[in-house]
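Student: I'd like to learn how to read strands and helices in a model. Could you walk me through one?

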Amino acid sequence: MGYIQRRAAMLLFCMAILPGAPAAAQYFGQNKVQYRSFDFQVLKTEHFDVYFYTREQQGAELAARMAERWYSRLRQLLGHELRGRQPLILYASHVDFEQTNVINGVLSEGTGGVTESLQRRIVLPLAGPLAESDHVIGHELTHAFQFDMTSFAETQPGVAGANRLPLWFIEGMAEYLSIGARDPNTTMWLRDAVAREHLPTIKDLDKPEYFPYRWGQAFWAYVAGRFGDNVIAQLLTIAPAIGIDQAIEQVLGVNTDQLSKDWQAAILAVSAPVLTAVGRELEGTDALLVVTDWNEFRRPDFKRMRELMRTPIIFDGRNLYEHDVLREHGFRYYPIGRAPLEAR
Ligand SMILES: [Zn+2]
């Protein structure tokens, strides 16, 4: 759990930086403090210029190998070769990373890495476990591919079409390509939405309530699982010009509304058995006594429980539920140490 939460926090602001975007640094007196100067050296691999300083030499060599491995995976998967050499700038710690002058904006503690679209530079700290650095390199390198694949020789450098695509599309793709289709953290978000009967359509993904990293990953996992990984590059390269709805229709041969319905049905098919398994024993019962606070009991499907039970009474030995929610579903509720909710 700690790992999952930390990863979610780390990636929260793992942003693909847009040209001129970080407004915070533009206010007078808010430029970041650089109290150390770093004596960078360059390690050249087949595709990367890896910038590092002596203190992190070992880590840099490992990171360079991971980066090359990601490069061949992404090159094959996206059918694209990056133009020019790919800069990868490494810092030995998060504190050092926060002082980078590659990015103007202030980097928070929660930033796992950044990629700026102007010169396609990837910057990250080699802090935390190796598996996490591997994930961040894969995630950021996906951004480098996204920028390169959506910008053209004749356009101004840095004016990548990827900058016009929504966060869930861009970040979700980076998560899907660096983590894969299965992720316990994403599954948690999906199950929660199923339990609250609040599954998004594709259009809904623009709303801030749907965390773009997790829902975007879920979207790409579904689309790639159904249509194959080769549609990813096609959608990415045409969406900036014609928009996401049209790109979906053209590449996948299905309209966005239908795709939303299919996607929701697929999520339900996977999540519903887990959620309703809790309910079956309730059939025809007079009361429910809650004696455990396991996760699956924390957000049960009250609507279904109400349908199954003969009389809707809950004695809650773990104080799991909110009065408002139970009142809404017509339960009588007896928690411990809090006021009961009696029938009106
Ligand atoms: Zn990102």
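Student: Which residue is the bridge partner of Leu288 in E8?

Tutor: Happy to help, and keep in mind that this is a predicted model. In E8, Leu288 has Ile314 as its bridge partner. That contact belongs to the pairing of E7 with strand E8 (residues 313-316), which runs in the parallel sense over three bridges.

Student: In what order do the strands of that open sheet come?

Tutor: The order is E7-E8-E9, three strands with parallel pairing. Strand E7 (288-290) and strand E9 (332-335) stand at the edges with a single partner strand each, so one side of each lacks a neighbour in the sheet. On average, neighbouring strands here are turned by 15 degrees against each other, direction ignored.

Student: And how should I think about side chains along a strand?

Tutor: In a regular strand, side chains alternate between the two faces of the sheet. Now let's turn to another strand, E4 (residues 86-91).

Student: Is E4 mostly covered or mostly open?

Tutor: Mostly covered: five of its six residues are buried. E4 pairs with strand E3 (residues 48-52) in the parallel sense over four bridges, and Tyr51 stands opposite Ile89 in E4. E4 also pairs with strand E6 (residues 122-125), again in the parallel sense and over four bridges; there, Leu90 has Leu124 in E6 as its bridge partner.

Student: Is the β-α-β unit of E3, H2 and E4 left-handed or right-handed?

Tutor: Left-handed, with helix H2 (residues 57-78) as the helix of the unit.

Student: What about helices? Where do I start?

Tutor: With the repeat: an α-helix has 3.6 residues a turn, so residues three or four places apart point the same way. For a case, take helix H7 (residues 212-227), whose 16 residues reach 21 Å from the first C-alpha to the last, close to the 22 Å expected at 1.5 Å a residue.

Student: How many of the residues of H7 are buried?

Tutor: Twelve of the 16, so to speak a mostly covered helix. Among them are Tyr213, Trp215, Phe219 and Trp220. After H7 comes Gly228, with a positive phi near 100 degrees.

Student: At roughly what angle do the axes of H5 and H7 cross?

Tutor: Roughly 65 degrees, and the axes of helix H5 (residues 167-179) and H7 come within 7 Å. Angles of 65 to 115 degrees count as roughly perpendicular, and H5 and H7 are therefore roughly perpendicular to each other. Their crossing is right-handed.

Note on methods. Residues numbered from 1 in each chain as written. Predicted model: local features only at pLDDT ≥ 70, side-chain atom pairs only at ≥ 80, totals over all residues. Helix = DSSP H or I, 4+ residues; strand = E, 2+ residues; numbered from the N terminus. Expected span 1.5 Å × (residues − 1). Buried ≥ 20, exposed ≤ 12 C-beta atoms within 10 Å, placed from the backbone. Pairing = 2+ DSSP bridges. Right-handed = clockwise from strand over helix to strand, strands pointing away. Axes fitted to C-alpha atoms, helices over the stretch in contact; angles between N-to-C directions. Parallel < 35°, antiparallel > 145°, perpendicular 65-115°, else oblique. Left-handed = near helix turned anticlockwise from the far one by under 90°.
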